Amino acid sequence: MLDPVIAKRVQLVGLDVEGVLTDGGVYATVVNGAAVEFRRFDLRDELAIRFLSSAGIKVVLVCSRASEMARARAGELGVESVVVVNEANGLTEFEDELHRLGVRLKDCAFVGDDLPDLPLMRRVGLAVAVANAAREVVTVADYTTDAPGGRGAVREFVEELLLARGDWEGVLHEYLGERGELVRRGIGAG
């Protein structure tokens, strides 16, 4: 259970891409002589990101590689901020983005899974680890999901965050109301 006082302070959620939004694996092949990589994303996490936006919480995707893929995925999710970080320490780049957005580190949550995430997780107001995170990441986390990265961990955390803030029912009602209206109009049914 998240502390409601800390949860209400969160203005921005940073999400590591590799290992949090994806399962950390890379599918690689060659197409027409060019190397091509694929990653798997969980659609439950996509909906969770939309819920954060509905609650007025900013989202920043943080990645150390495949920035084109991360930017494309961010566009699909309606996320404006993608920070490509130095793999060893992404704190400087993340802080620069926070400054641009007018948000303090103590008013951020960050969801991570591996050693490069530690500098960020040690500085934010709410550090979150996915279930299959490195031991060192779990040790510094304020909250650890039951779901592994790329398998609904972001959705799980977002629900807990919005419940602790008292925003879950409103966001859910808004979402279901919009869906119901679309279904009544014959759009998106089935």
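These are my notebook entries on a predicted model of a protein.

**Overall make-up.** I began with the secondary structure, which in this protein comes to 9 helices and 8 strands. I then looked up burial, and found that buried residues make up 46% of the 190 residues. For the outer face I noted an accessible surface of about 9700 Å², with 49% of that surface belonging to carbon and sulfur atoms.

**Contacts along the chain.** I next asked how far apart in sequence the contacting residues lie, and among contacts between residues at least 6 apart, 54% join residues at least 24 apart.

**Cysteines.** I searched for disulfides and recorded 0 in the structure. I also checked two cysteines for exposure: Cys 63 has a relative accessible area of 0% and therefore counts as buried, and Cys 108, at 1%, is likewise buried.

**Cavity.** Which residues line the largest cavity? Before answering I noted that the count comes to 1 cavity of 30 Å³ or more, and that the volume of the largest cavity is about 30 Å³. Its lining consists of Leu 21, Phe 41, Asp 42, Asp 45, Glu 46, Ile 49, Arg 73 and Leu 77. The elements that supply two or more residues to this lining are α3 (43-54) and α4 (67-77), and I noted that α3 gives the most, with 3 residues. Sorting the lining by class, I wrote down 4 nonpolar and 4 charged residues, with no polar ones.

Note on methods:
Residues are numbered from 1 along each chain as its sequence is written. This is a predicted model: local features need pLDDT of at least 70, side-chain atom pairs count only at pLDDT 80 or more; totals for chains, interfaces and linings use all residues. Side-chain values use heavy atoms; hydrogens and water are left out. A disulfide is a pair of cysteine sulfur atoms within 2.5 Å. Buried means under 20% relative accessible area, exposed over 50%, partly exposed in between (1.4 Å probe, protein chains only). Helices (H or I, at least four residues) and strands (E, at least two) are DSSP runs, numbered from the N terminus. Contact means heavy atoms within 4.5 Å. Accessible areas come from the Shrake-Rupley method with a 1.4 Å probe; for residues, only the protein chains shown count as cover. On a 1 Å grid over the protein atoms alone, a cavity is a set of points where a 1.4 Å probe fits but cannot get out, and a pocket is an open set with protein on both sides within 12 Å along at least five of seven lines; lining residues have an atom within 4 Å of a point. Grid points are joined across faces, edges and corners, and a volume is the space filled by probe spheres set on the points. Ala, Val, Leu, Ile, Met, Phe, Trp, Tyr, Cys and Pro count as nonpolar, Asp, Glu, Lys and Arg as charged, and the others, Gly among them, as polar.
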